[in-house]
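Here are a few warm-up exercises on a protein structure. Have a go at each one before you read its solution.

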Amino acid sequence: MPEYCRLLRVALSAGCAAIPMAGHAQETTSIEAIDVASDRASENVARTPITGVRVDRQTLERRQARSSDIAELLADLPGVSAATGGGFSSMPSIRGLSEQRLTVLVDGFAIDAACPNDMNPPLSYTDPQSISSITVLTGVAPVSSGGDNIGGVISVESAPPKFAVMGRTLVTGEASSFYRSNGDAFGGAATLTVAGPGLSATYTGSYIRSDQYHGGGNDGLVRSSEYAKTDHALALAWQHAAGLLRLKGGIQSSPYEGFPNQYMDMVDNKSWFVNASYEGYFDWGDLELKAAYRDTDHAMNFLEDKLPGAMPMNTEVHSLDASAKVSLPVSMHDTVRIGSEYHHQWLDDRWPPVPGNTMMGPNAFVNINGATRDRIGAFAEWERHWSDRASSVVGIRYDRVEMDTGTVQPYGTGMMQMADVMAASAFNAAGRKRTDNNWSGSALFVYEVSARAALEFGYAHKVRSPNIYERYSWGRGSMASRMIGWYGDGNGYVGDPDLAPEKADTLSAALALGGEGSAWTLRIAPYYTRVDDYIDAAFLQDLTDMAGMPTGFVQLRFANQDAEFYGIDLSGTVQLAKGENGDGTRLSGSMSWLESHNLTDGGPVYRQMPLAVKIGVAHRRDALELSADFEWVARKTRVDATRNEPMTAAYALLDLGAAYTVSGIRVSLDVENVFDTAYDLPLGGVSLGDYKATGVLRSVPGRGRSFNLGFSTRF
Amino acid sequence: MQERPERSTLAAGLQSRTMLPPAGLAQEPPLIAPGPAAPASDPTPGADSRTDDVLSRYVDGLRAAILRWKPGGLRKEGTAIVGFRLDREGRLISSQLVESSGDVQIDRMALRMVRRAAPFRKPDEEIPAGKLDFVLPVRFH
Ligand SMILES: [Cu+2]
């Protein structure tokens, strides 16, 4: 080959446009573009690439007509299940761990519960119609992802700011709405962004409402399952030479949300927040500063299905959150992250007297008197890329949790109120301030065996301090204690200021086979978690009715016990046919198996999902999408005897879906539970709304058949 | 397992010919091709093309050195074009954004890659000082 040809070839392939121009001293040499891909497992070690899953906007758009409950939608993922609450307040459970054991972040911020029944968990402040992505880390999460937790991480992101090209103005948005026949539910959402090259403003709003739904077959109406809420948020972003400044504020208002498995319903929840974050990208590294304030007013009483009667309960929470983090690329292989976080929670919970009621009066019941829970944490983490294929993240963190609360008071001092009178004086006499010094550590290793196989290993020791209700609930009367608890079991709970923090050791492994461009994928992820001082419950007494007969419900005290959880999550896909532009037919499947043991009492841990298998087929051709999803869940026989947890039967459900996109509008019709199968939710708890109305106690039934209609468009 | 070269072997990497894949191929090229420099066996047709050959080899080396500082797992899409100038010792005299990706993080990561990779190997004598001005698109996806 002549030399000049070789040179030309090199020049072209290297994008080398160094064409000599006589007389010019300075000319620019183009270097061929560098590609920075972020899909490789070893690149993403800090995001647990194999046990971590990212649910994107497209997936949410396909699912938003089905449910307004993020946790319920996340239960599609292997290792994740949803413990029933209200219609938009299910509590996610990851590998057997739930509630505050998980880190749940919305736009990077933690949201404190503001209810003795955890009716307003963080995900209840989000709507599937208006969020852009959810990242779920089911395995070992690096300590930088948050402290004061022992389980997985759920991170919800609303749309990242969009900016216009120089000299232009960008106007873009999305709108959607849905209707569900079962429960006569409907809702809508809109996102609108107006942006220049440096400034961006995004409004997000959503509205949902539903009546009570019906169970399948002969299960009939499921009482206290209605809900409504509105969310509004405005986000501003300013992008300058080296960083991004964001400001966001929002308000949520929910006028009612029934809780089928609680004695109470939510009759009002108002929450507003402001937050600010700054991300700076400098030559020495990244800087992230965040601050947030949230104020929540939560009111409980009875909705129509639990009438007659009244029992107002008001909870107020103020939270302040601030953090500073730096990420330092100390060498081409090493990144060091250092961060510090502060979180302040103030919680007050009072139950006004009910006029004319001898039990609930004459004074207000002070359940929690201005309790505070302050956490200050710091971490250091080292990420190293040992080679193109192997990387690791190792970190330690320290969290100091300080809690205190004021004196309490019962409704009154009558004979019938004696249990609470004595409990209050004992509580008020004792020291209530507690300080925990919690040390955590995590280590993750990712190795790409080949382009088609990757391995992940993780170990973590994590610690969580008790929440305010676990430590400071004090009422010993039947009624007062039955107002405490997020278990949906109808039992009464009493706190214990002397509870120790939960300490968990987790081993997690995962193997991913197949991958980009492969006709199939398979992920196998086993795990084992042992929790010392797991906050479970110990028997205090049987609860009795007016005649002194046991009701079948019990009073329990939060207690440190030991527990272990192990299981395996499997998931895979097979591309059956593949066409152009994402057309094709895909088969997907997953299986989650989990077993838990309370090592103190020898029985199973409460509210654990039985074996679940899911198989789905999705077909897409041009504007048409078709899907069929089958789910089989085994009988739940491993139940917690301490709480009289009911068993649930095995069931199988089929969903069918079709969607068509015409002139930018996607119209979908799904048939959920096609055969109208009657089934009990394995994590549904007992149906107390029905119990009050019928006197028959049953498990909370799952939704019967529903025709779900969805519309969405982008502009 | 292909080990990443240590910082001290940066210069060694520049000595070897990096065979580049066709532009647009998603797979990232090997950081350093294992073989020795391709022998220029043909008689030299002229001084200009020899200079270009040396320059293109030097450019390949720059590219490989910058690539080693790529950040992991950004999960963003966009292309930033960075311009930079070197002195005769391979030191970075200036670096700036020629074209923004529209995303400040991508822009700054691309700039950081170039700045952290500097100083580079001393340019060959054959390369005139007037040719030490470069533009580099960095494509995140
Ligand atoms: Cu509540």
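**Exercise 1. Find the residue that stands opposite Val106(A), then place the strands in their sheet.**

Step 1. Keep in mind that you're looking at a predicted model. Across from Val106(A) you'll find Val156(A), which sits in β10(A).

Step 2. Now zoom out to the strands. Strand β7 (residues 103-106) of chain A and strand β10 (residues 153-157) of chain A run parallel, and four bridges join them.

Step 3. Add the neighbours. The open sheet has five strands in chain A, ordered β3-β9-β10-β7-β8, and its pairing is mixed.

Step 4. Check the ends: β3 (52-56) and β8 (109-110) of chain A are the edge strands, each pairing on one side only.

**Exercise 2. Work out which residues hold the copper ion, and whether the arrangement of donor atoms is regular or irregular.**

Step 1. List the donors. The protein offers Cys115(A) through SG, Met119(A) through SD, His298(A) through NE2 and Met300(A) through SD, at 2.0 to 2.6 Å from the copper ion.

Step 2. Read them along the chain: the spacing is C-x3-M-x178-H-x1-M. Cys115(A) and Met300(A) are 185 residues apart, so to speak a link between distant parts of the chain. Cys115(A) is in the loop between β8 and β9 (133-137) of chain A, while Met300(A) is in strand β17 (residues 285-301) of chain A.

Step 3. Look at the angles. The four donor atoms subtend 80 to 124 degrees around the copper ion, which makes the arrangement irregular. A tetrahedral label would need all angles between 85 and 135 degrees.

Step 4. Check the surroundings. Cys115(A) is buried, with a relative accessible area of 1%, and Met300(A) is buried with a value of 1% too.

**Exercise 3. Count the cavities of 30 Å³ or more, then say what lines the largest cavity.**

Step 1. The count comes to nine cavities of 30 Å³ or more.

Step 2. Take the largest cavity, with its volume of about 410 Å³. It is lined by 33 residues, and Val106(A), Tyr125(A), Lys248(A), Phe273(A) and Arg294(A) lie nearest its centre. Val106(A) is the residue you met opposite Val156(A).

Step 3. Ask which elements take part. Those that give two or more residues to the lining include β8, β10 and β17 of chain A. The biggest giver is β15(A), with four residues.

Step 4. Sort the lining by class: 13 nonpolar, 13 polar and seven charged residues.

**Exercise 4. Describe the lining of the second largest cavity.**

Step 1. This cavity holds about 200 Å³ of space. Its lining has 17 residues, of which Arg101(A), Tyr487(A), Tyr534(A), Tyr606(A) and Arg607(A) lie nearest the centre.

Step 2. Two elements of chain A give two or more residues to this lining: β6 (97-98) and β26. The largest share is the three residues from β26(A).

Step 3. By class, you get eight nonpolar, four polar and five charged residues.

**Exercise 5. Now try an open space: which residues are closest to the centre of the second largest pocket?**

Step 1. The second largest pocket has a volume of about 1100 Å³. Its lining counts 36 residues, and Met359(A), Ser478(A), Met479(A), Arg482(A) and Met546(A) are the closest to its centre.

Step 2. The elements of chain A that give two or more residues to it are α4 (418-429), α6 (478-482), β26 (520-544), β27 (550-578) and α7 (688-694).

Step 3. The classes split into 20 nonpolar, nine polar and seven charged residues.

**Exercise 6. Hunt for unusual backbone geometry: where are the cis peptide bonds at Pro362(A) and Pro119(B), and which way does phi point at Arg95(A) and Asp148(A)?**

Step 1. Start from the usual picture: most residues other than glycine have a negative phi, and most peptide bonds are trans.

Step 2. The bond from Gly361(A) to Pro362(A) is cis, with omega near 0 degrees. Pro362(A) sits in the loop between β19 (334-351) and β20 (365-385) of chain A.

Step 3. In chain B, Ala118(B) and Pro119(B) are joined by a cis peptide bond with omega about 0 degrees. Pro119(B) belongs to the loop between α3 (104-117) and β3 (133-140) of chain B.

Step 4. Arg95(A) isn't a glycine, yet its phi is positive, about 50 degrees. You'll find Arg95(A) in the loop between β5 (91-94) and β6 of chain A, and it is buried, with a relative accessible area of 7%.

Step 5. Asp148(A), not a glycine either, has a positive phi of about 60 degrees. Its place is the loop between β9 and β10 of chain A. At a relative accessible area of 12%, Asp148(A) counts as buried, because the cut-off is under 20%.

How values were computed
Residues are numbered from 1 along each chain as its sequence is written. Chains are lettered from A and ligands numbered from 1 in the order in which they are written. This is a predicted model: local features need pLDDT of at least 70, side-chain atom pairs count only at pLDDT 80 or more; totals for chains, interfaces and linings use all residues. Side-chain values use heavy atoms; hydrogens and water are left out. Two strands pair if DSSP finds at least two bridges between them. On a 1 Å grid over the protein atoms alone, a cavity is a set of points where a 1.4 Å probe fits but cannot get out, and a pocket is an open set with protein on both sides within 12 Å along at least five of seven lines; lining residues have an atom within 4 Å of a point. Grid points are joined across faces, edges and corners, and a volume is the space filled by probe spheres set on the points. Ala, Val, Leu, Ile, Met, Phe, Trp, Tyr, Cys and Pro count as nonpolar, Asp, Glu, Lys and Arg as charged, and the others, Gly among them, as polar. Donors are N, O and S atoms within 2.8 Å of the metal (3.2 Å for Na, K and Ca); water is not among the atoms, so sites may look incomplete. Four donors count as tetrahedral if all angles lie between 85 and 135 degrees; four count as square planar and six as octahedral if opposite donors are over 155 degrees apart and all others between 65 and 115; anything else is irregular. Buried means under 20% relative accessible area, exposed over 50%, partly exposed in between (1.4 Å probe, protein chains only).
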